Amino acid sequence: MIFRKLTSYRLSPLSGKLGTLERTGLVEAEASAEEVVVAYHERTKHHFHRYAAALGYMDWATQPDPFRRYAGADLVRLPLPKAGRPLPYWQLYANASVPPTPLSLESVSLFFRYSLSLTAWKQSGETTWPLRVNPSSGNLHPTEGYAVLPAVGQIGQIGDVTAVYHYAPREHALERRAVLNAPRWTELTASFPEGSFLVSLSSFHWREAWKYGERAFRYCQHDVGHALASLRIAAAALGWRLVLLDGVADATLSSLLGLDRDEDFAAAEREEADLLVLISPDLPAPLPTEFRPLTAHGGDVLWHGRANTLSPENSVEWPVIDAVTQATRRGARAPVKEDFSGFPSEDALFGTPIRQGLLTAETAILGRRSAVAMDGSTAISRATFFRMLARLMPTQEQRAMPWDAIPWRPRIHIGLFVHRVDGLAPGIYALVRDPDKIEPIKRVMHAEFCWQRVPDCPPGLPLYLLQEGDCRALAATVSCGQNIAADGAFSLAMIADYMDSLATYGNGFYRNLFWEAGMVGQVLYLEAEESGIRATGIGCYFDDPVHAAFGIEAREWQSFYHFTVGSPVEDSRLTTLSAYNFEDHR
């Protein structure tokens, strides 16, 4: 039985070579960027005999401030949207069913409320901490949001000038970082539809490294993926389209956001530019691909604000994070264009279109929480299970939200540990998210897996039973011994088509693999809420034992994220406070 073979897993070929590398670096000076990426991934694996390098304790004296602010930048407060918007959750996925909302101060406010805002404060004794729409590893929130918005509204509101803004989630406000003149905006957006604007995400690697050490780069990219999905879902709630501008050079993006301005950061921790998205009431086909770079240093661009310092000092340096960051930076490139014609249709995935549900979109989005424990007994129906998995699939029309935001075919596939799904045998299953990858995945997994289509499964859902059996102990063991992976209805490993992705798209796509995994996680979070249960991401797992559980021996396929879904056990010791009464909860 596969369930009894875990202790005999084989290390991937590169693992034995890492001992010869310098402790403060990844590889020799002449190493290629791909070698740096691969070495980083191997070095930051958790193993039964050791975890990836980290400080090993919580250095509270250097805990980073969770909120970036720019002192001296004008703060434009967004009107807090009135609670109770009736839009049903299911309608987020019904293509073109939400009329586009005009771009205004109120619609921009609702967009950020549904994507990057605070959702509550938790209190235990004298300690309080915030929760957000977009989840984060350890609730550390390394992800920052920026927007480039045209003139909208009246003088004194957000729209009296075209500007670059930083979103301040604690205040639900926009900090005006740079004012652009009209010709500059026209140059920037000449190829975009009217009513469009830009949103960007960046990361503070130190916020995660403070707790998680060298593995933090992985977690930062997960968080970017969660935030990207949150942006797409928020746009859907307003009837807007959103697409990743994946051909923009990282240096261009850093310049656009002012992240390369030494004078604005001084001793403050720097951010790494991650991605840029275009948001519009409608997007033509083909999408605009040309992006005219905006220099941050031209005399006609006026910058405002100095970044705050997040920690009194960075007590430990993690040079391997710097190395993989540099190795995954990208220049300008041709946008990815791929064929989705072989993917299932929406009808093949769902049968009858879903036109009813439990929650409003607002309740699902703002009510999302990460479960801290599962009850170990509650089961879900097969219909619920199938619907959750179908939401993870792109369609041949390439309009399935949020997968319409990214241009590449799925590179993340799902290895499932099914525990409590009514009418479904417990065991190991696989969801192959790209129909062309079924045979390649079969070849790298255990030869004794049966690969049996699940009976009564929707015809377009590529869900396979691999092996029946009680896999609760296995699921918990490979997830760093965490019972939450065994006590839900199901848990899963997100298995990436790793080396082929780097070869096809370049080293920078290492980040994209984590983004895609984070997007999968965000969909599961909201689907769990809609089903009356909860979910949580699991970043701590034993990498190669996970691979051994599925029979994967070479490094071509790698596990990039874990997740669990089930009925939560609430912590009654905690008090929940409102997100925005604008009192100081700190």
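1. Let's start with the charge-over-ring spots. In this predicted model, R453 puts its charged end over the ring of Y464, with 5.5 Å to the ring centre. R391 does likewise with Y93: R391 lies over the face of that ring, 3.9 Å from the centre. Both are worth a look on screen if you care about how these arginines are placed.

2. Next, the hydrophobic interior. The largest nonpolar core counts 124 residues. Within this core, the residues with the most contacts are L92, F111, F385, L416, L461, L463 and Y510. Which helix gives the most to this core? Helix α14, spanning residues 509-530, with 13 residues. A further core of 28 residues lies apart from it, and F417, A430, V478 and A493 are among its members.

3. Y510 deserves its own point. Leaving out residues up to four places away in sequence, Y510 touches V37, Y40, H41, F217, R218, V324, T328, Y498, L502 and F560. So the list takes in charged and polar side chains such as R218 and T328 alongside nonpolar ones such as V37 and L502.

4. On to the rings. There are 28 aromatic pairs in the structure. Take F217 and Y510: their ring centres are 6.4 Å apart and their planes meet at 5 degrees, so this pair counts as stacked. The two partners come from distant parts of the chain, F217 from helix α5 (residues 216-237) and Y510 from helix α14, with their positions 293 residues apart. Are they buried or exposed? Both F217 and Y510 are buried.

5. Y561 and F563 show the other geometry. Here the centres sit 5.6 Å apart and the planes are at 85 degrees, which makes the pair edge-to-face because the angle is over 60. Y561 is buried, and F563 is too.

6. Ring pairs also build a cluster, made up of Y40, F217, Y498, Y510, F514 and F560. The stacked F217 and Y510 rings both belong to this cluster.

7. Last, a polar detail in helix α5, where S230 is located. Why does S230 count as buried? Its relative accessibility is 2%, and the cut-off is under 20%. The S230 side chain makes a polar contact with the side chain of Q522, at 3.2 Å. Setting aside neighbours within four places in sequence, S230 is in contact with Y114, S115, V133, N134 and Q522.

Key
Residues are numbered from 1 along each chain as its sequence is written. This is a predicted model: local features need pLDDT of at least 70, side-chain atom pairs count only at pLDDT 80 or more; totals for chains, interfaces and linings use all residues. Side-chain values use heavy atoms; hydrogens and water are left out. A nonpolar core is a set of buried Ala, Val, Leu, Ile, Met, Phe, Trp, Tyr and Cys residues joined through side-chain atoms within 4.5 Å. Buried means under 20% relative accessible area, exposed over 50%, partly exposed in between (1.4 Å probe, protein chains only). Helices (H or I, at least four residues) and strands (E, at least two) are DSSP runs, numbered from the N terminus. Contact means heavy atoms within 4.5 Å. Rings of Phe, Tyr and Trp (its six-membered ring) pair if their centres lie within 6.5 Å; planes under 30 degrees apart count as stacked, over 60 as edge-to-face and the rest as tilted. A charge sits over a ring if NZ of Lys or CZ of Arg is within 6 Å of the ring centre and within 35 degrees of the ring normal. A polar contact is a pair of N or O atoms within 3.5 Å; within protein, one must be able to donate a hydrogen and the other to accept it, and residues adjacent in sequence count only if both atoms are side-chain atoms.
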